[in-house]
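Me: I've got a structure open and want to talk through how it packs. Can you take my questions one at a time?

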Amino acid sequence: MKKTNIFRVLIYLSIAIVFVAYIQIGKKQVIESRQQTAITLIGEKLQNGIPVDITEVHPKQLIKTIRVTVTEINKKNKTLTFYFDSTQRKQLKKNQKVIDTDKQQAIGKVTFLARNLSSGLGLYKGKIQLDKDQDLSQLKLKSLDVIVGKSSNVLALPQSAILFSEDGGSFIWVDDKGVSKKKEIELGKNYNLDYEITKGLSEGMRVVINGGKTLNSESKLRVRKCESCEGVVKND
């Protein structure tokens with residue numbers, strides 16, 4: 001056999017060996033990948049827990065407010081005019097404190113509430129007397145909060161923590177050593193975004209305030225990291 005033919009046979013044989021080796025390596029990788037556990041969202045939650053935000057319950061002061069918008073400014077008398085409807089009229093009273101919505105600080109008090117509707121508007125007129133040191137330049141068409149109710153030393157939860165059963169009852173999820181536990185509660189007064197809890201809640205309870213809609217009894221919980229969430233338990 002000529003040297004050229006021998007060389008050609010060796011080349012073909014080398015290619016065949018490389019091809020077979022490639023097939024065997026690929027087959028091995030497929031088998032190994034099939035033997036691995038598939039990562040799924042359900043599997044991840046079962047292993048690491050359902051992500052939730054949790055707050056630890058402590059007594060606090062609750063404030064209920066009504067938001068009003070300034071329509072007129074009297075710079076001479078340092079008074080503001082606002083309008084309100086019949087529903088708000090039942091809660092508004094003279095001498096109630098007024099808070100700057102953005103700065104969250106008291107700036108004056110309610111001094112006048114009309115008894116009769118303003119013609120053409122179908123609303124009632126109200127006036128606010130500002131504190132002496134207040135700047136009027138930024139207040140027109142600004143939203144302000146009038147404090148219409150206040151309770152101290154109250155156990156309360158945000159609305160996001162409260163769930164409702166089919167029979168109309170209310171309940172929450174409590175963190176019981178890393179798993180969820182259903183707790184029936186009774187609601188009291190509503191203070192804007194918070195509810196007073198009159199029954200079923202105790203100081204020190206760790207309550208799920210976000211993520212509760214996906215929980216079941218004995219669900220494994222994973223507390224999410226919360227860098228700047230006041231009142232929320234941090235998972236450090």
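What follows is a run of questions and answers on this predicted model.

Me: Which residues have the most contacts inside the largest nonpolar core?

Reply: That core has 18 residues. Strands E2 (60-74), E3 (79-84), E5 (105-113), E6 (124-130) and E7 (143-154) each supply at least two of them. There's another core apart from it, with twelve residues, including Leu157 and Ile185. Back in the largest one, the residues with the most contacts are Leu80, Phe82, Leu92, Val98 and Leu144.

Me: OK, let's stay with Phe82. Which residue in E6 does it stand opposite?

Reply: E3 and E6 run antiparallel, and six bridges join them. Leaving aside neighbours within four places in sequence, Phe82 touches a run of E6 residues, including Tyr124, Lys125, Gly126, Lys127 and Ile128. Its contacts beyond that run include Val68, Leu92 and Leu113. The one Phe82 stands opposite in E6 is Gly126.

Me: And E6 itself: which residues make up its covered face?

Reply: E6 pairs with E3 through six bridges and with E5 through five, also in the antiparallel sense. On the E5 side, Gly108 has Leu130 as its bridge partner. The uncovered face of E6 carries Lys125, Lys127 and Gln129. That leaves the covered face to Tyr124, Gly126, Ile128 and Leu130.

Me: Why does the pair formed by Phe84 and Tyr124 count as stacked, and at what angle are the planes?

Reply: The pair links distant parts of the chain, with Phe84 in E3 and Tyr124 in E6, 40 residues apart. Both residues are buried, and together with Phe82 they form one aromatic cluster. The ring centres lie 5.6 Å apart. Planes under 30 degrees apart count as stacked, so the pair qualifies with its planes at 20 degrees.

Me: Which residue lies over the face of Tyr124?

Reply: Tyr124 is on the covered face of E6 and is buried. A charge sits over its ring, at 4.9 Å from the ring centre. The residue is Arg89.

Me: How is the pair of Phe171 and Trp173 arranged?

Reply: The structure holds three aromatic pairs, and here both Phe171 and Trp173 are buried. Lys182 lies over the face of Phe171, at 4.4 Å from the ring centre. As for the two rings, they're 5.8 Å centre to centre with 85 degrees between the planes. Over 60 degrees is the cut-off, so the arrangement is edge-to-face.

Me: Is Ser170 buried or exposed, and what is its relative accessible area?

Reply: Ser170 lies in strand E10 (residues 170-176). Away from its sequence neighbours within four places, Ser170 is in contact with Ile162, Leu163, Phe164, Glu184, Ile185, Glu186 and Leu187. A polar atom of its side chain also lies 3.0 Å from the backbone oxygen of Ile185. Buried means under 20%, so Ser170 counts as buried, with a relative accessible area of 8%.

Me: Last one: how far apart are the C-alpha atoms of Lys60 and Ala156?

Reply: Lys60 sits in strand E2 and is partly exposed, with a relative accessible area of 34%. Leaving aside neighbours within four places in sequence, its contacts are Ser151, Ser152, Asn153, Val154, Ala156 and Asp194. Lys60 and Ala156 are 96 residues apart along the chain. Their C-alpha atoms are separated by 7.6 Å.

Definitions and conventions:
Residues are numbered from 1 along each chain as its sequence is written. This is a predicted model: local features need pLDDT of at least 70, side-chain atom pairs count only at pLDDT 80 or more; totals for chains, interfaces and linings use all residues. Side-chain values use heavy atoms; hydrogens and water are left out. A nonpolar core is a set of buried Ala, Val, Leu, Ile, Met, Phe, Trp, Tyr and Cys residues joined through side-chain atoms within 4.5 Å. Buried means under 20% relative accessible area, exposed over 50%, partly exposed in between (1.4 Å probe, protein chains only). Helices (H or I, at least four residues) and strands (E, at least two) are DSSP runs, numbered from the N terminus. Contact means heavy atoms within 4.5 Å. Two strands pair if DSSP finds at least two bridges between them. A polar contact is a pair of N or O atoms within 3.5 Å; within protein, one must be able to donate a hydrogen and the other to accept it, and residues adjacent in sequence count only if both atoms are side-chain atoms. Rings of Phe, Tyr and Trp (its six-membered ring) pair if their centres lie within 6.5 Å; planes under 30 degrees apart count as stacked, over 60 as edge-to-face and the rest as tilted. A charge sits over a ring if NZ of Lys or CZ of Arg is within 6 Å of the ring centre and within 35 degrees of the ring normal.
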